[in-house]
Amino acid sequence: MDFLLECIGFPPDQDPAALTQLVRARGEGVPWRGDPSHHLRLPLGGGLELRLDREPDQDFWTLLPAYRSPYRLRVAVEQLRSMPDSPFDALLTGWGCPPIPGEGRHAEPGEYLFSTWLTDARRLPRRVERGRILAVSAAGFALHLDYVGPNEGVTDPRILENPRGAHLEPLGGPQDPGGCTELSLRVRSIERRRNPVSGQEVELLICDAPERPWVLFVSPWQLAQDGLPAPRPGWRIEGTFLFSGVISGGLTGPRQRARTQFG
């Protein structure tokens, strides 16, 4: 998954072994993820992080990007699935911005289904009933891009009729990786950070979506390789993104034991 690291400013020729050693030397333990010597985070500033994990039965390290998003989205749980080879992660599929009881439906386009990895799944109770509302803070990292440009270049009539409209649809095939969503979102604004390790600038794409915006990250090297322009505010971005985040609300209190199954 080295290409995902490009989304937070690590170039394609970055040595992953050197990054691993850097995080092991300077990183700090990640809450809710077991042995802090095997689950580390290296803050890069502005919410950006580099994550390093190794499970007890593995002889390799996994490096992934992370972002501590300030946006909290209400999600009605449809399914939560634990991973035998990654006991501190869970795959959440649910309905974003569900109706608030007693307040009717939203004036904006209604609920939408999406999927994300939760990296602090150890906080969850052993069973989570379907329909339970959790607050989730997550961000998307580009796996593949189909389009970056003005709305006029989009062919989906739903988008043409509503230039600020959003479309998200989790990949659901048996061979599809979990936590991945095909999306079409309008870029509301762009914030910039600097990766202090590589010196590269990182762009945070703040994108319109019902109730709360989504933060997306793309690789500038992927854009160049695919012949796509750099995103701009007001333009649309379409592609497949891997979502990852944490639980930011909806739990009754801290849970000390890792769950083994979900409802």
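Accessible areas here come from the Shrake-Rupley method with a 1.4 Å probe. With that settled, I opened the model, which is a predicted one.

**Entry 1: the whole chain**

I looked up the surface to begin with: the protein chain has about 12700 Å² accessible, and carbon and sulfur atoms own 50% of it. Buried residues account for 48% of the chain's 263 residues. I then went through the secondary structure and noted 13 strands alongside four helices. For contacts between residues at least 6 apart in sequence, I noted that 64% join residues at least 24 apart.

**Entry 2: His38**

Where does His38 lie? I found His38 in the loop between β1 (28-29) and β2 (39-45). His38 has 21% relative accessibility and counts as partly exposed, because buried would need a value under 20%. Leaving aside residues up to four places away in sequence, I listed what His38 touches: Leu52, Asp53, Arg54 and Trp61. I also checked Pro56, which is 18 residues from His38 in sequence and 8.3 Å from it in space, C-alpha to C-alpha.

**Entry 3: Thr119**

Another loop residue came next: Thr119 sits between β7 (112-118) and β8 (133-149). Is Thr119 buried or exposed? I have Thr119 down as buried, at 14% relative accessibility. Again not counting residues up to four places away in sequence, Thr119 touches Arg33, Arg51, Phe88, Asp89, Ser244, Gly245 and Val246.

**Entry 4: aromatic pairs**

I turned to the rings and noted six aromatic pairs in the structure. One of them is Phe114 with Trp214: the ring centres are 5.1 Å apart and the planes meet at 55°, so I logged the pair as tilted. Phe114 belongs to strand β7 and Trp214 to strand β12 (residues 214-217), so this pair ties together parts 100 residues apart in sequence. I checked burial for both partners: Phe114 is buried with a relative accessible area of 1%, and Trp214 is buried with 3%.

Next I looked at Phe141 and Phe217, a stacked pair with 5.2 Å from centre to centre and 10° between the planes. Phe141 lies in strand β8 and Phe217 in strand β12, so the parts tied together here are 76 residues apart in sequence. Phe141 counts as buried at 2% relative accessibility, and Phe217 counts as buried at 0%.

Which residues do ring pairs link into a cluster? I wrote down Tyr112, Phe114, Trp214 and Phe243.

Notes. Residues numbered from 1 in each chain as written. Predicted model: local features only at pLDDT ≥ 70, side-chain atom pairs only at ≥ 80, totals over all residues. Heavy atoms only, no water. Helix = DSSP H or I, 4+ residues; strand = E, 2+ residues; numbered from the N terminus. Buried < 20%, exposed > 50% of the residue type's maximum accessible area, 1.4 Å probe, protein only. Contact = heavy atoms within 4.5 Å. Phe/Tyr/Trp six-rings, centres within 6.5 Å; stacked < 30°, edge-to-face > 60°.
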